[in-house]
Structure formats: structure tokens, C-alpha cells
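Q: Hi! Got a few minutes to walk through this model with me?
A: Sure, put it up and ask away.

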Amino acid sequence: MADKIFRVNMTDLTTAIEDVPADWAGHGGRGLTSTIVAAEVIPTCHPLGPNNKLVFAPGLLSGTVAANSGRLSIGAKSPLTGTIKESNAGGTAAQLLARAGCKAMIIEGLPKEDKWYSLALTPDGVTISEETELIGKGNFEVVETLSKRIEGKFGVVTIGQAGEMKLTSANVSIKDPDGGIRSNGRGGLGAVMGSKKIKFITIDPKGGKVDIADPDKFKAANRIFAKALIDHPVSQALGQYGTNVLVNIINESGGLPTRNFTQGQFEGHESISGETMHDTIEQRGGKVKHNCHPGCVIQCSQVYNDADGKKLTSGFEYESIWAMGADCCVEDLDRIAEADRIMDDIGIDTIETSVAMGVAMEAGVLPFGDGAGICRILKEEIAKGTGLGRIIGSGAGAVGRAYGVTRVPVVKNQAIPAYDPRAIKGIGITYATSTQGADHTMGYTIATNILNVGGKVDPLTKEGQVELSRNLQIATAAIDSTGMCLFIAFAALDDEKCLPALIDLINARFNLSLTGDDIVNLGKYILKTERAFNIAAGFNSADDRLPEFFYNEELPPHNVVFDFTGEEIDTFWDF
Ligand code: SF4
């Protein structure tokens with residue numbers, strides 16, 4: 001079926017199906033959300049006001065059998081950063097949207113009445129209904145209740161209490177194949193959905209399928225592509241230990257931010273490591289390997305059970321474990337898993353919220369190492385919307401401002417994730433220059449700085465870092481447009497057959513003849529489009545800097561600072 005644009009106007013509660021404009025046709029995922037936001041959103045608008053739009057776009061390959069192609073991009077102007085934003089996650093929604101013939105769904109306007117709504121998307125269009133029963137409920141209850149309320153197989157996109165309260169760390173959450181939750185976590189897009197008074201969206205493709213222009217070529221390319229992913233050693237490590245394989249590796253490198261970014265190594269690293277997690281999962285009858293959407297061949301997710309063998313959480317990521325573990329000095333993996341589950345339920349970004357907890361610990365709100373205190377604040381303060389809960393739920397920058405803390409690890413008001421930019425300098429360039437605030441996934445230099453994938457650039461020296469970050473940010477923007485999980489990048493960097501196979505998949509899907517240069521140009525176009533939006537919103541190169549303390553405070557054990565000049569950072573944009 002031909003792809004369409006589904007448009008929802010929440011002001012007059014109308015919906016429409018539109019043809020895809022010619023200059024949007026070649027885009028998907030992040031490329032499409034950023035193109036639409038740049039074309040239709042006033043850059044200076046209030047992110048929670050009537051002029052912001054929330055855009056959902058499956059990737060170019062979503063809905064097909066291409067391995068790892070089930071990521072859903074969501075875009076808007078971010079209430080956390082004030083920049084353009086794209087956040088992507090797995091779950092079943094992207095594949096089902098694509099099969100429903102939805103190239104993108106654009107939600108605009110704010111309701112006139114103080115009521116909550118749900119949306120139901122099928123190939124025939126979107127239906128808006130008033131919702132009362134699930135307002136104030138967490139994500140798990142939303143998913144469970146809908147599975148009883150609605151027959152058949154369908155996807156769910158939802159917000160928890162954080163999104164309803166329009167907290168700037170709120171996720172948009174997506175049901176995964178097992179009824180769990182995957183999070184479009186960064187940038188507070190759940191608050192934008194909450195501002196539009198939409199509690200949840202269901203997606204039913206009614207048996208629809210994605211058309212493939214050349215099925216034989218597609219199948220052949222997918223075989224090569226999937227084999228390259230499966231054979232890569234980093235994929236295999238991810239399948240065994242999850243992304244949490246990185247705790248011991250990054251600790252060894254001296255770049256594991258600890259105790260609110262005052263040390264580069266954590267004494268308790270073994271107790272929260274991927275190896276410990278793996279053994280605990282096996283002892284308790286959980287699942288070491290698990291996928292966040294059908295068709296993933298890497299399977300970095302897992303099911304982590306409690307001591308009684310009952311599922312506690314899944315999609316238990318390195319960045320979440322680091323943030324509650326090393327950054328907040330909590331050594332109890334069960335307590336971290338409990339907090340992870342609560343955050344998934346409330347629908348709040350685990351990175352932003354945990355880094356905010358670290359800043360709150362420095363302010364004396366609770367002691368470092370107090371995992372029980374973190375869980376109490378999540379349940380009793382954030383979920384209930386108390387004053388403290390709203391401050392912490394508004395992110396690390398908000399906590400720093402409220403309590404007068406100067407060591408606040410944010411760029412463009414978004415929390416810096418799990419890699420200290422003083423000891424791993426390439427990732428510092430990514431944090432500084434990303435169009436979306438500090439985000440490791442925008443240009444994951446850890447691959448080359450630490451894991452020796454695609455060559456080696458010494459993490460402790462400045463040489464080659466700007467170029468490395470630039471090349472990875474361009475490639476990532478293109479990958480984020482395909483619907484592919486970012487973890488295909490390891491094989492794409494190392495295996496000469498992987499990237500051509502990915503391009504063949506796109507060509508076979510749409511009957512195109514794209515080359516590698518076209519993919520690079522796509523990535524450059526996306527970055528420039530996003531930057532132009534930010535400049536029009538009032539950002540300039542002075543915003544492409546790390547917080548002052550990274551330049552002044554040496555990080556043990558290497559005793560290094562982030563020593564790039566502003567002029568050196570600005571050369572990132574020389575392309
Ligand atoms: S590798 Fe992990 S994040 Fe990527 S698609 Fe598979 S389970 Fe999801």
C-alpha cells in the first residue's frame with residue numbers, strides 16, 4: 001500500500017490522511033521527523049505550546065524483515081533542550097505503523113477542553129476518543145489494561161505520570177513484543193505528548209504489509225546484512241552481557257563517571273557489571289538474550305528477575321545502570337533494577353533522572369549510595385508530583401539551578417551520559433556539537449576510542465577526535481533514518497560487506513540505486529537541517545561547549561581535563 005501522512009489536529013479534534021510531499025518521500029525515521037519539524041514548527045515556539053508538533057516516523061526499512069529495522073523515531077522541539085529533537089526506540093510500534101501505510105504521523109495543536117484523549121491508528125486513519133480510565137496510571141497498567149480492552153495484535157505508544165505532568169524528562173514509551181516497555185527517552189518528548197493531552201496511541205495495521213520493489217534482491221541483501229551483524233564480536237558480546245558489558249571496560253579506561261563526575265573509576269564496578277548481571281540472570285531463570293523488537297539478531301536486551309524469580313525489568317541498559325550505579329554510588333544491582341522498573345512505569349528518562357539524582361546527592365538531598373532513597377523519591381515524589389519530584393523530574397539542570405550546584409553535567413540542558421569526556425575526548429566533541437544536547441548515541445566515538453572498532457583513536461589525546469565525531473554523527477543521522485538499531489554500526493564500521501548490504505536493502509525496498517555517497521549526503525543534510533533549526537531557535541556556537549568544570553577539574557585516575565578550545569570544537573561544522 002502507498003505510504004501516507006496521517007495528521008491529527010488536537011485543537012479541533014480532526015484527522016486527515018495526506019499524500020507524501022515529493023521532498024519528504026526519500027526520508028524516514030530521524031531524517032523525516034527532523035525534515036517535518038524544520039518545515040512545520042516555528043523554531044522559537046514554546047515546546048509545550050500550540051505551535052509545537054509531535055512527529056512519529058518509522059524508518060525506511062521498518063515493517064520489512066530486514067534485521068534490526070524496528071526503531072521508531074519521534075521528533076519535536078524539545079522542552080528539555082529547546083533544540084530540535086529526535087529520539088528513537090524499539091518495541092513493535094514502528095513495524096506496525098509502517099505496515100499500516102503510515103510514513104509519518106504529525107500531531108499538532110492543543111485541545112480546547114481540559115480532557116484526556118487516546119488515538120487509534122489503522123490504515124483507514126486515526127480515531128480520537130476521550131480517555132478517563134487510564135489517566136494517572138503507569139505505563140505497565142496502560143499496556144495490561146489495553147490488552148484486555150482491545151482484541152487482536154496491536155501496538156501501544158503511551159506516556160506515564162511524568163508525561164501527564166509535562167515533566168521535561170518524560171519519555172514516550174512503546175510496548176515491546178512481551179508487553180514490556182521501550183523508551184524514547186531523551187529530551188522530554190513525553191511532555192509534548194502530555195501537552196497535547198494524549199495518554200496513549202494504539203496501532204493496528206489490519207493485516208497490512210510493506211511493499212518490496214525487488215523481493216529477491218531484498219532477501220539476498222538481508223542474508224548478507226544479518227550475517228555481518230551476527231558474526232561481529234561486539235554483537236556477540238552485546239548478546240551475552242547486554243550493553244552493560246561496558247561497565248568493566250569503561251571503568252578500566254578511567255572514563256566511568258563516578259560520584260557526580262568527580263572520579264573516572266568506581267570501586268563497586270564489579271557488583272554492577274555485565275558479568276555479574278549475566279550470572280544473576282542465569283541463576284534466577286531470567287533471559288540473557290532478548291530482543292526489543294521482532295527481527296533483531298543481536299539481542300542485547302534481557303529479562304532480569306528478582307530473587308524470587310519474578311521479572312523485575314528488561315532492556316536493562318549500561319547507561320541506566322551506570323547512572324544509578326557509579327554516578328550515584330549505588331552498588332546493589334537489584335535496587336538499580338527496581339529503580340529502572342519504576343522509571344519505565346512512570347515514563348521518565350533513566351539517564352536524565354539518575355544524573356539528576358547524582359546532582360541532588362551532591363546538594364545533600366540524599367546521600368550518595370542511597371538506592372532505597374532513589375526508589376522512594378521516584379515513587380513518592382516524582383510519580384506523585386510533589387515539589388521535589390517535579391524538580392528532579394525536570395532533569396539535572398533543574399536540580400542544579402534549584403540547589404545552587406555548579407558541577408552539573410549537562411550540554412544544552414541535557415544530562416551527559418556514561419562516558420566522561422575528559423578521559424574519552426571524542427565523546428566530548430559529540431556531546432558539545434550534537435544538535436540535540438549531550439547524547440552518546442549521536443556519534444558513538446566509544447566504538448573507536450575504546451572498542452577499537454573501525455580503527456583506533458587514542459581517547460586521551462585530542463588528535464583525530466573532531467573528525468571521528470563528525471564522521472560518526474553523519475553516519476548515525478543516516479542510520480537513524482533507516483529504522484535500524486544503532487548497534488549495526490559496529491559491523492558497518494568493520495565488515496566491508498555490511499554497509500553495501502544495507503544500501504542494497506534500501507534500493508531493493510524502493511527500486512532505487514543509491515550509493516555510499518548518497519548515504520553520506522543524507523547524513524550531512526540531516527545534521528545541517530537540525531542545526532539550522534537550532535540557530536533559528538536562538539542557539540549559537542557558544543552553546544556547543546561543555547560545562548566549565550570539565551575544563552577546570554582534573555579527572556582521576558588519568559588526571560585529565562577537557563582541553564579543546566572553542567575554535568577547535570567549531571571546526572566540527574566544516575563540511
Ligand atoms: S540490539 Fe538491542 S537495542 Fe538493538 S534492536 Fe536488538 S535488542 Fe533492540
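Q: What covers the buried residues of H3?
A: This is a predicted model, and in it the cover over the buried residues of H3 includes S9, S10, S11, S12 and helix H11 (333-346).

Q: And which residues of H3 are the buried ones?
A: They are Asn139, Val142, Val143, Thr145 and Leu146. An α-helix has 3.6 residues a turn, so residues three or four places apart point the same way.

Q: Which strands does H3 lie across?
A: Helix H3, residues 139-149, lies across strand S9 (155-158), strand S10 (172-175), S11 and S12. Its direction is at about 45° to S12.

Q: How do H3 and H11 cross?
A: Their axes come within 6 Å and cross at roughly 60°. On the H3 side the contact is made by Asn139, Phe140 and Glu141, and on the H11 side by Arg341, Asp344, Asp345 and Ile346. By class, the residues of this contact are two nonpolar, one polar and four charged.

Q: OK, now the sheet under H3. What's the strand order?
A: The order is S8-S7-S12-S9-S10-S11, an open sheet of six strands with mixed pairing. Strand S8 (125-130) and strand S11 (181-184) are at the edges with a single partner strand each, so one side of each has no neighbour in the sheet. On average, neighbouring strands here are turned by 20° against each other, ignoring direction.

Q: In which sense do S7 and S12 pair?
A: Strand S7 (residues 117-122) and strand S12 (residues 198-203) pair in the parallel sense, over five bridges. Ser118 stands opposite Phe200 in S12.

Q: There's a three-stranded sheet too. What's its order?
A: That open sheet runs S13-S14-S15, with antiparallel pairing. Strand S13 (287-290) and strand S15 (311-314) are its edges, each having a single partner strand, so one side of each is left without a neighbour in the sheet. The twist from one strand to the next averages 25°.

Q: How many bridges join S13 to S14?
A: Two bridges join S13 to strand S14 (residues 301-305), and these strands run antiparallel. Lys287 stands opposite Val303 in S14.

Q: Which helix lies across S13 and S14?
A: Helix H9, residues 274-283, does, and it runs at about 60° to S14.

Q: Switching to the ligand: which residues come nearest?
A: Cys292, His293, Cys296, Cys300 and Cys485 come nearest, out of 13 residues around the ligand. By class, the shell has six nonpolar, six polar and one charged residues.

Q: Where does the model have a cis peptide bond?
A: The bond from Pro556 to Pro557 is cis, with omega near 5°. Pro557 lies in the loop between helix H22 (549-552) and helix H23 (566-570).

Q: Which residues other than glycine have a positive phi?
A: Leu13 is one of them, with phi near 55°, and Asn511 is another, with phi near 60°. Leu13 lies in the loop between strand S1 (4-9) and strand S2 (14-18), while Asn511 is in the loop between helix H20 (498-510) and H21.

Q: Is Asn511 buried or exposed?
A: Exposed, because its relative accessible area is 64%. Leu13, at 38%, counts as partly exposed.

Q: What about Ile535, where is that found?
A: Ile535 is in helix H21 (residues 516-537). Its relative accessibility is 46%, so it counts as partly exposed. Its C-alpha atom is 19 Å from that of Lys53, although the two residues are 482 apart along the chain.

Q: Last topic, the whole chain. How many helices and strands are there?
A: There are 23 helices and 17 strands. Buried residues make up 63% of the 575 residues.

Q: What's the radius of gyration of the chain?
A: It is 22 Å, which agrees with the value near 25 Å for a compact globule with 575 residues. Along the principal axes, the C-alpha atoms fill a box of roughly 60 × 50 × 50 Å.

Q: And what share of the contacts joins residues 24 or more positions apart?
A: Such pairs account for 70% of the contacts in the chain with a separation of 6 or more.

Conventions. Residues are numbered from 1 along each chain as its sequence is written. This is a predicted model: local features need pLDDT of at least 70, side-chain atom pairs count only at pLDDT 80 or more; totals for chains, interfaces and linings use all residues. Side-chain values use heavy atoms; hydrogens and water are left out. A residue is near a molecule or strand if one of its heavy atoms lies within 4 Å of it. Ala, Val, Leu, Ile, Met, Phe, Trp, Tyr, Cys and Pro count as nonpolar, Asp, Glu, Lys and Arg as charged, and the others, Gly among them, as polar. Two strands pair if DSSP finds at least two bridges between them. Helices (H or I, at least four residues) and strands (E, at least two) are DSSP runs, numbered from the N terminus. Axes are lines fitted to C-alpha atoms, for helices over the stretch in contact, and angles run from 0 to 180 degrees between N-to-C directions. Contact means heavy atoms within 4.5 Å. The radius of gyration is taken over C-alpha atoms; the globule rule is 2.2 Å times the number of residues to the power 0.38. Buried means under 20% relative accessible area, exposed over 50%, partly exposed in between (1.4 Å probe, protein chains only).
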